[in-house]
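Subject: The structure you asked about

Hi there,

Here is the structure to open alongside this note. Have a look at it first, and then read on for what turned up.

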Amino acid sequence: MLRNYIKIAWRNLLKNKLSGIITIGGLAIGLTACTLILFYVAHERSYDSFHADSDRMYTVEAQVNMGGDTIYMNAMNATVGALIENASPSVFSSLRLKDEYKPVILTNTQQPGTRFSEKDFSYADANFFDFFSFKLLKGSKTEALTKPYSLVLSQDMAKKYFGNQNPIGESISVRKDSTYLFTVTGVMENTPSNSSIHPDFVASLSSMPTMNDYKRDFDSEAFRLGSFPTYLKLKNASDVKTVEKTMQELSTQGNADATDVYSLSLLTDKHLNGRDASNTRYISIFPLIAVLILILALVNYLSLSTARASLRSKEIGVRKVNGASRKSVAFQFYIESTLYVLLAFVVSVVLSVVLKPWFFGILGIEIDAVFFLNPTFLSILAGLLVFTILATGFYPALVMSAFNPVENLRSSRASKMGGVRLRKVCTTVQFVIAIALLVSGIIIHQQLDFVRGVDTGLNRSDVVMLPLQKTMGTNSTPFRNEIEKLSQVTNTAVTQYPIYKGYNMFFVSSEHMPDAIGLPIFAVDDDFFQTLDVNWELKPEDEHYYSKSEQVVINEAAISKFKLGSNPIGESLLFGNSKREIIGVVKDFHFENLDAPINALALFVNSKTQATTNILGKSGGCLFVHFQPDSDVSQLLSQIEAIYTQYDSATPFEYQFLDDAFDAMFRSEERLSQVFNLFIILAMLIAGLGLFALATFSAQQRVKELGVRKVLGASVIQLTTLLSFDFLKLILLAILIASPLAWYFMHLWLQDFNYKTTIHWWVFLGAGTGAMALAILTVSFQAIKAALANPVKSLRTE
Amino acid sequence: MLLQLNHIYKWVKQGGKRVFLLNDISLDVKEGEFISIMGPSGSGKSTLLNVIGMLDEFQEGEYIFNEEPVHSLKEKQRAKLYKEYIGFVFQAYHLIDELTVYENIETPLLYKNSKSSERKALVADMLDRFNIVGKKDLFPAQLSGGQQQLVGIARALIAKPKLLLADEPTGNLNSKQGEEIMELFRELNQEGVTIIQATHSESNAAYGNRIIHLLDGSKQHQTSN
C-alpha cells in the first residue's frame with residue numbers, strides 16, 4: 001500500500017515536472033533560507049556552552065559609579081579570584097585571563113627573519129585547561145601553564161610558526177617594551193567559532209610579575225578593581241547570590257568607603273547580552289525573517305499542491321469507487337506530501353552546505369562547519385522537518401479526501417477547482433510578505449545611506465588612518481616627514497587613537513561642577529583641526545596656543561556639561577590635580593557612534609614635533625593622512641607602505657580609510673540590510689514561482705472556456721487580460737495590506753536611531769509597481785500562451 | 001434475492017421546485033440476473049446505477065442489499081458492503097493514468113488489505129484470463145480503448161464481486177470492441193456474476209435477460225428476453 005502511494009506520487013512528479021520542480025524548489029529555497037538563519041542563530045546562542053560546566057561558569061563584574069556615570073568593569077585586581085575562593089565555600093575554582101591590549105610581535109627564534117604581529121595573545125592561570133574545555137593536543141594539561149614564560153599555541157599557530165615540526169620545547173620571542181623569551185609547552189585545538197574566548201596564544205600568567213609592563217599589577221593585595229578579567233566556577237549555579245554577597249563583604253572589608261557593586265554574570269550570556277552587542281543587535285529579527293520565509297514557502301507549497309491535486313480528482317474518484325475510504329485517501333496525500341517535503345529537505349540541506357560559505361561571507365561571519373553536527377542545531381533541524389511535514393500534508397489531505405466520487409467521475413475533465421479561495425488567500429499572503437520585505441529592505445538601505453551621509457562635523461573623505469605601534473619608536477619623525485613629502489598628500493595629523501575606536505577618559509571637575517565627571521580626551525597635534533576640517537566655535541587668539549602646557553580645547557557639548565559660561569575662554573577645568581585653562585572651543589563633531597548625542601570632549605593639543613615624537617613614536621599613535629581627492633589611492637598606499645616598512649619592519653603595515661571606519665559602526669545595520677537583500681530576492685522568487693505555477697493551472701483549468709470565448713470572437717489581448725486580471729487584483733490587495741505593515745515596523749525600527757531618514761511615499765509606490773510588474777510578467781506568459789492556443793484542439797478534448 | 005429497491009425517490013431542488021432524478025423506482029434483482037437499463041440521455045440511468053452502487057444517496061424509499069437495509073446503514077458500513085460485493089465499470093474506463101495495468105487491477109485489493117502473495121496470485125489469474133499478461137507493465141495511455149476497458153473490467157472483478165455495475169461500458173468503443181466486451185459480460189454472467197448495465201444501444205441491451213426502460217426518472221416498462 002505504502003509502496004503504491006510512493007510510486008504514484010513519484011510518477012505524478014515525473015509527469016508534471018515543471019510544477020513539481022516549482023513546488024519542491026520553492027519549498028527547498030524556503031527551507032534553505034530557514035536552515036541558514038537557524039544555523040546562524042543557533043550558533044550565536046550556543047556561545048561558550050561547549051564548556052563542560054558552562055552552566056556554572058561566571059565572570060566577575062563590578063558596577064562603578066563615577067561622577068554620575070555608571071560604568072561596568074570586568075577587570076579585577078590580581079588577588080580577587082584567590083580571595084573569593086578562600087572566603088566562599090561555594091566557589092569551586094577561579095581563573096585569571098588577561099589579553100594583550102595591543103598586538104605583540106612574535107618570532108620563532110630559530111628563524112629570526114619571520115616576524116608576525118599577533119592580536120590574540122593572552123595570559124592565563126595554570127588551571128586554564130582544567131577550567132575551560134579547550135583541548136590540549138600536545139603537552140601536559142596540568143603543567144603546560146605552570147612555569148613562568150610557558151606558552152601554548154593553537155594548532156593553526158603551531159603550523160604558522162613551526163610548520164610540521166614538533167613545537168614543544170622550542171622558543172618564541174615576544175616583543176613588547178622589551179623582548180621576552182617563551183618556551184612552547186603545549187599545542188591546543190583551535191578554539192571553536194562559538195567561543196567568546198579565542199586566544200591563539202596562551203602564556204602562563206606567572207610570567208607577568210617579572211614583565212615590565214605588568215609588574216605593578218601585582219602590588220596590591222586588596223579586593224578591588226584591577227586589570228585581570230576573572231572567571232569563577234561555582235559548585236552550584238544556585239549559589240550566585242551567596243557568592244555575590246561574599247564579594248561585596250570582601251570589598252568593604254578592604255575599604256569601608258568602597259561603593260563598587262560586584263556581581264557575577266553567566267559566561268554563556270556574555271556573547272548575546274554583553275555590553276558590546278553590536279554583533280548581535282538584530283539576532284532576534286533574524287528568526288522572524290526565517291519564519292516569514294518559511295511561511296512563504298509553506299503557503300506556496302499549499303497553494304500549489306491543492307491546485308495540483310485538483311487535477312487528480314478523477315484518480316480520487318476511481319480510488320473511492322474501488323473501495324478507498326476517506327482515511328486512506330487522506331493518508332495517501334499525506335504520504336505524497338511527506339515525500340515531497342523530504343525531497344525538498346534533502347535539496348535544502350545540500351544547498352545549505354553549498355551556500356554556507358557564500359552566505360556567511362556576505363554577513364562577514366565565520367562559523368565552523370562542524371557546527372552543522374551540533375546536537376542542538378540538528379534537533380532544531382529535525383523539528384523543522386517534522387513541522388513542515390505536518391503543516392504541508394494536513395490541508396491537501398483534508399481537501400482531497402473530501403472529494404465526492406460521483407461528481408468527479410461524471411465529468412471526464414477535472415472541472416472543479418478545489419480550494420480556489422484558499423489559493424487566492426495564499427497568493428495574497430505570499431505577496432504581502434514579499435512586498436513588506438521589499439519595502440523594509442528599501443527603507444533599511446535608505447537609512448544606511450542616510451546615516452553614512454550625515455554631516456558629523458568633520459571631513460571623512462580622502463583621509464586614511466595609519467595606526468602605528470611602539471616599534472616605530474624614534475623613526476616616527478622621519479616617517480611623517482617622508483609621508484608629507486608625497487605629492488598627493490595635502491596634510492597629516494596625529495591623534496592617540498584612531499577615531500571611532502576609543503579614547504582616554506579623565507575625571508574632570510569645574511568651578512560649577514565640583515563632582516568629577518568622566519570626560520573623553522583626545523591627544524592631538526595642531527594640524528588635527530585643519531586636516532579633518534574641524535571648525536572652531538571660538539578660535540584661540542594665540543597662533544601658538546599649543547606651545548604652553550596646562551591648556552585645553554573643548555567642544556560645545558562640554559560647555560553645558562560643565563556649566564561653563566557662554567564664552568568659557570579663560571575658565572579652567574580640573575583634571576585630577578592639574579588645572580587646565582580653556583583656550584578654545586570647537587564645534588561639536590561625532591567621535592563615537594551616532595546612537596547617542598555628541599558627548600563632551602577635551603582636546604590636548606601638542607605641537608607638531610612633540611606629537612610626532614611622543615604620541616606617534618613612543619606610545620604608538622595614529623597618523624591621519626589627508627590626500628588630494630583625485631589621487632590614485634592604490635598607488636598612494638603602496639608608496640606609504642614602502643616608507644612604512646623602511647622605518648618599521650617589525651609590525652605589519654595597517655591602514656583604514658576614515659569613511660570606512662565610520663561605516664564600520666553600522667555593521668549590524670549593514671548586515672541586516674544584506675540579509676534583507678537576500679531574502680527579498682528569495683521572497684520574490686518563491687512568490688513569483690508560485691504565481692507562475694498557479695497561472696499555469698488556471699490556464700489549464702479554463703482551456704475550454706477560453707476555446708469557447710475564442711470561437712465567439714475574443715481577441716488574444718482580451719483573453720490575456722481576462723486571465724491576468726484575477727491575479728493582479730490579488731497583488732493589488734497585497735500591496736494595500738503590506739504597505740501599512742511595513743510602514744509600522746520600519747517606523748518602529750527607525751526609533752532606535754538618533755539620525756533617521758524619512759519614509760517616503762514613493763518607496764511604497766515603487767515596491768508595489770515592482771511586485772505588479774513581476775506578477776504581470778509571470779501571469780501573462782501563461783495567459784498569452786493559453787490565449788494563442790487553437791480552440792479546435794481544446795474543444796475537441798471535451 | 002440479491003437486492004430490492006422499494007419506491008425510491010431522488011430529487012434536486014431547482015428554483016424551489018423538486019426536479020425528480022428518480023421517481024418511484026422499484027426493482028428486484030435476483031442473483032445471476034443480467035439486467036440492461038435503457039433510456040435517453042438524462043433519463044436517470046447513471047443515477048440509478050450510482051444509487052444501486054451506493055455511491056449516491058436518495059431521499060425516499062428503501063434499498064435492501066443482500067438482506068441489509070442500505071438506507072439505514074452508516075457510511076462506513078455501506079462502504080464495507082460495496083467493497084465486498086460490488087464492482088464498477090465505466091464508459092470512460094477511469095483507470096488511474098499513473099499506474100500500470102497490473103497496479104490498476106491490484107488497487108481494490110489494496111483497499112481490502114489483502115496479503116501481498118494473495119494479491120499477486122489474484123492479479124496474475126486475472127491477467128491470464130483476459131489475455132493481457134504481456135501488457136501488465138504498460139500504462140493506460142499505451143493501450144487501445146478496448147484494451148483499457150478490459151483492464152477496467154478486470155479491476156472491477158478482481159475482488160470477486162457478486163454484482164457488476166456497468167455504466168455505458170461500450171460507449172467509447174467501436175462496434176467490434178463493444179461486441180467483445182458484451183460477449184465477455186455474457187460469459188461472466190453465465191459464471192454467476194449478477195450484472196446491471198446502463199446502455200443506449202438496443203443490441204447491447206439485448207444481451208441482458210431483462211431490460212428496464214427509464215424516462216425522466218420513471219420506470220416505463222420492462223421486457224424480458
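Which residues of chain A does UniProt list under "transmembrane region"? The unreviewed entry gives residues 21-42, 282-304, 339-360, 380-404, 425-444, 675-699, 711-739 and 759-784 of chain A. Please keep in mind that this is a predicted model. In the model, residues 675-699 of chain A are 100% helix and 0% strand, with end C-alpha atoms 36 Å apart. Residues 711-739 of chain A are 86% helix and 0% strand, and their end C-alpha atoms lie 42 Å apart.

The unreviewed UniProt entry also carries the annotation "domain: ABC3 transporter permease C-terminal", which covers residues 288-405 and 678-787 of chain A. Residues 288-405 of chain A come out as 83% helix and 0% strand, with 43 Å between the end C-alpha atoms. For residues 678-787 of chain A the figures are 86% helix, 0% strand and 35 Å.

Now to the domains. Chain A is divided into domain 1 (1-58 + 285-418), domain 2 (78-221 + 226-259), domain 3 (419-455 + 662-798) and domain 4 (470-649). The C-alpha centres of domain 1 and domain 3 of chain A are 23 Å apart, and 29 residues of domain 1 are in contact with 28 residues of domain 3. On the domain 1 side of that contact, α2 (17-45), α8 (285-310) and α10 (326-363) of chain A each supply at least two residues. The biggest share there comes from α8(A), with 15 residues. By class, this side of domain 1 of chain A has 19 nonpolar residues, nine polar and one charged.

The largest nonpolar core belongs to this part of the story too. It has 87 residues, and those touching the most other members are I293(A), A297(A), A434(A), I435(A), V439(A), F679(A) and A683(A). Among the helices of chain A that each supply at least two residues of this core are α2, α8, α13 (420-453) and α22 (716-750), while α20(A) gives the most, with 19 residues. Where does this core lie with respect to domain 1 and domain 3 of chain A? Both domains give residues to the core, so it lies between them. For a close-up, try A683(A): leaving aside residues up to four places away in sequence, A683(A) touches I293(A), L296(A), I433(A), A434(A) and L437(A). Apart from this core lies another, of 64 residues, among them V321(A), L55(B), V70(B) and F88(B).

That brings in chain B. The contact takes 20 residues from chain A and 19 residues from chain B. On the chain A side, α1 (2-15), α9 (313-321) and α12 (405-410) each supply at least two residues. That side of chain A has eight nonpolar, seven polar and five charged residues.

One last spot to zoom in on is helix α5 (residues 155-162) of chain A. Its buried residues are M157(A), A158(A) and Y161(A). Seen down the axis of α5(A), these buried residues fall within an arc of 105 degrees, so they line one face of the helix. They pack against β5 (104-108), β9 (150-154), β10 (171-175), β11 (179-188) and β12 (201-204) of chain A. Just after α5(A), G163(A) has a positive phi of about 60 degrees.

Happy browsing, and all the best!

Definitions and conventions. Residues numbered from 1 in each chain as written. Chains lettered and ligands numbered in written order. Predicted model: local features only at pLDDT ≥ 70, side-chain atom pairs only at ≥ 80, totals over all residues. UniProt positions renumbered as here; feature names shortened; annotations may be inferred. Helix = DSSP H or I, 4+ residues; strand = E, 2+ residues; numbered from the N terminus. Contact = placed C-beta atoms within 7 Å. Nonpolar A, V, L, I, M, F, W, Y, C, P; charged D, E, K, R; others polar. Domains from an automatic or database assignment. Core = buried A, V, L, I, M, F, W, Y, C linked by C-beta atoms within 7 Å. Buried ≥ 20, exposed ≤ 12 C-beta atoms within 10 Å, placed from the backbone. Arc of directions from axis to C-beta.
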